[in-house]
Amino acid sequence: MSVLNVRNITKVFPGTKALDDVSLSFESGKVNALIGKNGCGKSTLVKIINGAYIPDDGTFDIDGVAMKFENPSDAFDKGIATVYQEMSLIPGLSVAENILIGRYETNGAFVDWKRTYAKAQGLLDEMGIDLPLRELVVNLSVWQCQVVEIVKAMSCRPKVILLDEPTSALAQHQTQILFRLIRELKKKDVIIIYITHRLQELWEIADTSTVLRDGRLTGKVNMAEAQPRDVLKLMFGDVEVKDRPADLAVSDEVVLEVSGFTLSPKFEDISFSLRKGEVLGIAGMLGSGRTELLRAVFGADHADSGTIVLNGESVSNPSPRTMSQRGLAFTPEDRKTQGLVQMLSIGDNLCHASLGQVSPGGFVNTKLMRMFADRQVEALEIKTTSTDLPMTSLSGGNQQKVVVGKWLNAEPKVIFFDEPSRGIDVKAKQQIFQIIWDQSRRGISSVVVSSELEELLEVCHRIIIMRLGRFVGEVRPENVTIEQLYSMCMGGEEL
Amino acid sequence: MTPAAGNNFDISRFSKKYMMEIILFFITLTLVFSAPGFFSLGNILNVFRNVALAGVISFGMTMTIIGGEIDLSVGSAIALSAVLTASVTGALAKAGILPMNQAVIIGMIVAVLVGLCIGYIIGFIRTRFNIPTFIITLAMLNVIYGSSALISKGFPVTTLPDWYNWIGAGQLFGFFPVPALWLLIAFAVAFVIMNLTRFGREVYAVGGNPESARLSGINVTKVKIIIMVGVQVMAACSGIILSAQVMSGSSTFGRGYEMDVISAVIIGGTSLFGGIGKVWGTMIGIVFLGVINNGMTLFGVGDFEKYIVRGLLILFAVLLNTIQVQSLQKAKLSK
């Protein structure tokens, strides 16, 4: 048996302390789950263990042998294997080639394919897995790729294997196959660290759960003894949900009515209505279909069925162009790749959704453009010395404000916010909330999607809950605790 | 802003921003003092006339590349346009429908319309089936050369009226070459479109990040089709100028022109990844190529050597551009 000991690890990023004096240990022969809500520091810890980050303070060792890595490949050589969510396989090569890449059996300068395939088959047999070795990886399904990744990692006989949300892209029955493989791993002398956000899996696969919150260790439980509420308590602590300003009125006038929206297999039969000035939250875990729903209503993706009535007009065949013209705005979850054109200036980006207004007759009026840009810089307090600077000169929070400002320039009636607080600091978060409330006061409605449930409780008038693509309930923030909301998002009666 | 920064002229920033202009200036200066016959009005206008054919297209190509696409078939489009103009003129005149003097106008219109259609087809395939324009236009290059050879039956077509020669070889006020005029017009049109119109802003947005542009309500498909049409139309115009210059249309025209065109755009600082670039930069790139070529001719450098120099020039320009970008990034990191 071997043990990975983490001692007093601290890691600071500009603006945040990602890990604060964390000490813990993981044993081999067990599935050690590492959990916590977004931004709790679990990814940072994983990246320190696998050499992607160097800790500012603290050490870690395996069985008393100190580990210090220059980079991930150094860590890999010393027995730390990581299986990432995003696949690192080469699609054009076969399963066997992917497993043994760089370690083929050779005869002089030539690859000995017979022995290479035999070796790969041996590895599969050892783990009790059946996979077509000669098949190209591009033809495999997601769970098969995940299995290949694990076999590849295990073929190097690692001391530690880090599984980063291996089930996040899998369906239920595929998850079971993966679990069987993971249980097989327990028989080997390897330290398994399992990162997940699906709490209901813990009782099925994990032996212990280590919980982080805000960069600190909050506890470690034995799954055989732990109750769901113990785990939730460790994850959230005593959450203080701040109050919404009292003056946010909602009128009775319905501005957006979505009914029977379906995009298989992402979400099915979702209906909601939104009143003037209302802030509606959509709660749900990753994979619940919330982002996909927003995208489909905005017309970024094509829904299978469903109707939209926006401002009293029925809309057929929505597209981002027509929906934005009708007064709908959408700030996507990934501002870098979907919300902004990074290489262009702040001013350009602020005008991208309102090019029609700043260019009467097709010719850009630079004065008007400057005015449009300046008024958002002022209204949203975007910190910059000039709107001619490139987007990259701004911090995350200010970039997010540019995305919002871009849409405010188009004078929308309804704004969709997809993860508006992702990757921005606490102060900027509050400013974004203020912006959402300010719009509400002006009679502009918002739909907010966030994985941070306490944020939804703070910001929204009303919250609808989605789970695995289905509508499961609707709550008012004042009538629900964060644990209750979390349980509804996770599903499972025991939670 | 501190007073020091306000008063002092920041030489390093200036030189970084206008690197190509400065290099062009010094090369020109060197040639003025060393190359026999370089510094005369006649020779300078000659430079412009020589680059006019590639230049006209390069302004269309600038839009295409900023929009994140490319067109490798422009050389063949020159041939097709030249052949079409001459053939249509000849056919109309032979059939007695119109005298050749007027028939050539129909010929030019047909050539431009065909260019427009080809551009539309390329843009349509690009947006409908999501095939890279690099591949589509590589295929089209062969299709277009084949078509122009087929139409001309492999021989130069010379059915063109005398006045037509003015377009390619005439002189304004007795000294200013007409092709240079087309070059300036193409520059002006591209400059206005890219800098002053809504469409120009959309091209930058689409080239910089098509997904963000789409989610901002910009019609990405339309923008991509228009830029592919634009460069083909410019190529057709260039074909007309060339056929007017030599008074014939042949399927051998335009071979390798796409390389001159793309070189000029890249030397001008436009990023092959899209989203970044300036029409003015392309003007510099075009003049740069012209001056270097002219200088080499005056010094009696052979054709073979010219190729080598031009190739190295492209490498050098891209290298310069990359170093500039990297130094900017470094400056940001250290901030």
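Which domains does the domain assignment of chain A give?

## Domains of chain A

The assignment splits chain A into domain 1, covering 3-236, and domain 2, covering 254-490. Keep in mind that this is a predicted model. Taken over C-alpha atoms, the centres of domain 1 and domain 2 of chain A sit 35 Å apart.

## Where the two domains meet

So much for the layout; now for the contacts inside chain A. Here 10 residues of domain 1 of chain A are in contact with 10 residues of domain 2 of chain A. On the domain 1 side, the elements giving two or more residues are helix 7 (199-205) and helix 8 (228-236) of chain A. Helix 8 of chain A gives the most to that side, with 3 residues.

What is the make-up of the side of domain 1 of chain A that touches domain 2 of chain A, in nonpolar, polar and charged residues? You get 3 nonpolar, 6 polar and 1 charged.

## Where chain B meets chain A

Next up is the contact between the chains. From chain B, 22 residues are in contact with 26 residues of chain A. Two elements of chain B give two or more residues to the side that touches chain A: helix 10 (198-208) and helix 11 (210-215). Which of them gives the largest share? That's helix 10 of chain B, with 7 residues.

As for chemistry, the side of chain B that touches chain A divides into 8 nonpolar, 8 polar and 6 charged residues.

Key
Residues are numbered from 1 along each chain as its sequence is written. Chains are lettered from A and ligands numbered from 1 in the order in which they are written. This is a predicted model: local features need pLDDT of at least 70, side-chain atom pairs count only at pLDDT 80 or more; totals for chains, interfaces and linings use all residues. Two residues are in contact if their C-beta atoms, placed from the backbone, lie within 7 Å. Helices (H or I, at least four residues) and strands (E, at least two) are DSSP runs, numbered from the N terminus. Ala, Val, Leu, Ile, Met, Phe, Trp, Tyr, Cys and Pro count as nonpolar, Asp, Glu, Lys and Arg as charged, and the others, Gly among them, as polar. Domain bounds come from an automatic or database domain assignment.
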